[in-house]
Amino acid sequence: MSTPVWITATPPATHGELHIGHLAGPYVAADVLTRYLRAEGEAVRFTTGTADHASSVEVRALRHHRKPEEVAEGYRAAITADWLRSGVEFDHIVRPRRDKGYGRWVQDLFGRLFAQGVIAPRTRLLPYCEPCDRWLYGAHATGGCPHCGAVSDGGMCHECARPNDGGDLIGARCALCDTPAVARRCRRLYVPLEPFRETLADYWATAGLPPRLAALCESLVEDGLPDIAVGHPAEWGLPVPVEGFPDHRIDGCFEAAAMHLFGYDVQGPLPRRAIHFCGFGHAFCHAVLLPVLLLAQDIKLPQDFNVNESYVIEEGVQEGNVWALDLLTEYGSDTLRRHVLQARPLGRRTVFHRERLAAARRELDESWNSWLSRLFAAVREECAGLAPQALPGGTGWEILERRLHRGVDDLREAYGPDAFDPRRAVAVLDEMVRSAADFGHVNAHERCWPSTACRHLPALAAQLAVASALSAWARPVMPEGADRLAAALRATPGRPVDWHALSAPLPGTRLSPPSGPVFGF
């Protein structure tokens, strides 16, 4: 097997469940690309992890008087179950507290980078909460971002994606008791980025970064690359394996970057290409820190970035109405996947409107499922449930076939990594189904000819060919319904997205349509 394409998605922090915004971000989109490439015969390694040692996990535990490991384990199980139910299938999900050898691997990497001088000690100001007797780093601190002024945690602003050092937060306060923080000098371990200036600038210039991410990276170079804290005085997380820092823990951003490397196993053959899916607020970890970890080990790897903006929950929507588990239970994976791909916040924020999710279900019911239901009913009534003894044809078939061939070209472009656009793919698929449904309506009148029997059978065969093709063409977007359709037509699931899929079941094949809707429910 050839060296695989490596696809990553941001490891979520296990301080809460997934909501629809997470699915609209990196996860479903990355799964779409993975499924398409695999159908094309490409070797793919699709990885993520769970950020169990994130500071937000400890903050959640302290607020609810629980142990951090209990919080992490409970939400990790919920998150992985939501991925499974939404059809997002990873090859490896790194479980920091369960994967054998993970903790030692990260600590060994940290120790090697310290020995090489990539990690070095610095003494800087860090917020401290006197009532809580606690250093405030990461989610423990809240204040204004020193770069854009937005409300930010310590360490990283999810609005402008620029790092802060905690001590430079504007009006820093304790996230637990809301007491104004006191700035104290603290000796911590850092990765100074300035020595990587030229290497990173060259890397960013060739990586084909999305415009907003490219602007962020250029501004970092213009302003002088910062030193990034990779350790903190804390109780939760992996211990820093460096003498002189006995009560320090490895930073969550460093661990998330290292987690990607552990998930792929960079000690083995390197992938020929890496494609990273992340939200803009997490882009620094993917586009800056991860390359530094690779470059520090003399690993040069072509990398691409698919970066989404925030999917905002509209005002007035209660949190209980946006959890992934609840929406998957109510709408099913097909409806939810096509909706989040249509609403994917690419280049700008988008807002979740529940009526648009309901509209996605109506589209499947009134267009996709309605056409398939009529088609299967006609085959049952006219051919006793067997594929007709006829070649695809009918009035307008040549025109429809040409349109479908052009549509496949559009689909392949929209699914492919170089012009990845799943929203376009959904639109093309919808147009194909509408065209096939119109073709079916027009040719249904062929049954009315009194002089010639079986004139309508070629049109049924043609529609079955389109349905068979859709079981392949729609699978990256809606794998559950596509596989259900393939089973109904006795077709092989997971075929390539190409015009060869446009072939009807062999004449006489007994079809087995589902008792309910094909797509969604």
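# Talking through the chain

Trainee: What share of the accessible surface of the chain belongs to carbon and sulfur atoms?
Mentor: The accessible surface comes to about 21,800 Å². Accessible areas come from the Shrake-Rupley method with a 1.4 Å probe, and for residues only the protein chains shown count as cover. The share for carbon and sulfur atoms is 50%.

Trainee: What kind of model is this?
Mentor: Residues are numbered from 1 along each chain as its sequence is written, and side-chain values use heavy atoms, with hydrogens and water left out. Local features need pLDDT of at least 70 and side-chain atom pairs count only at pLDDT 80 or more, while totals for chains, interfaces and linings use all residues, since what you have here is a predicted model.

Trainee: What radius of gyration does the chain have?
Mentor: Start with the rule: the radius is taken over C-alpha atoms, and a globule is expected at 2.2 Å times the number of residues to the power 0.38. With 521 residues, that puts a compact globule near 24 Å. The chain agrees with this, at 26 Å.

Trainee: How many helices and strands are there?
Mentor: Both are DSSP runs, numbered from the N terminus: helices are H or I with at least four residues, strands are E with at least two. Going along the chain, you get 14 helices and 16 strands.

Trainee: What percentage of the residues is buried?
Mentor: Buried means under 20% relative accessible area, exposed means over 50%, and partly exposed is in between (1.4 Å probe, protein chains only). Of the 521 residues in the chain, the buried ones make up 56%.

Trainee: What percentage of contacts with a separation of 6 or more joins residues 24 or more positions apart?
Mentor: Contact here means heavy atoms within 4.5 Å. Take the contacts with a separation of 6 or more, then pick out those with residues 24 or more positions apart: they account for 79%.

Trainee: Which residue makes a polar contact with the side chain of aspartate 52?
Mentor: Aspartate 52 sits in the loop between strand 2 (44–49) and helix 2 (55–63). A polar contact is a pair of N or O atoms within 3.5 Å; within protein, one must be able to donate a hydrogen and the other to accept it, and residues adjacent in sequence count only if both atoms are side-chain atoms. At 3.1 Å, the side-chain partner is threonine 14.

Trainee: How far from aspartate 52 is the nearest side chain of opposite charge?
Mentor: Lys and Arg count as positive, Asp and Glu as negative, and His and the chain ends are not counted. A salt bridge is a side-chain nitrogen of Lys or Arg within 4 Å of a carboxyl oxygen of Asp or Glu. Aspartate 52 is buried yet has no salt bridge, and arginine 76 is the nearest such side chain, at 4.9 Å.

Trainee: Which residue does glutamate 159 meet in a salt bridge?
Mentor: The N to O distance of this pair is 2.6 Å, and the partner is arginine 349. The pair links distant parts of the chain: glutamate 159 is in the loop between strand 7 (151–153) and strand 8 (170–174), and its partner, 190 residues apart from it, is in the loop between helix 9 (324–342) and strand 16 (350–352). At 33% relative accessible area, glutamate 159 is partly exposed. Also partly exposed, at 45%, is the partner, arginine 349.

Trainee: Are arginine 338 and aspartate 430 buried or exposed?
Mentor: These two form a salt bridge, with the closest N and O atoms 2.7 Å apart. They link helix 9, home of arginine 338, to helix 12, home of aspartate 430, 92 residues apart. Both arginine 338 and aspartate 430 are buried.

Trainee: Which side chain is joined to glutamate 309 by a polar contact?
Mentor: Glutamate 309 lies in the loop between strand 14 (303–308) and strand 15 (311–313), and its 13% relative accessibility makes it buried. Among the residues it touches are Phe280, Pro345 and Arg348. The polar contact is 2.5 Å and leads to arginine 212.

Trainee: What is the relative accessibility of proline 422?
Mentor: Proline 422 is in helix 12 (residues 422–443). Leaving out residues up to four places away in sequence, proline 422 touches Leu341, Arg344 and Ala414. It counts as buried, because its relative accessibility is 3%.
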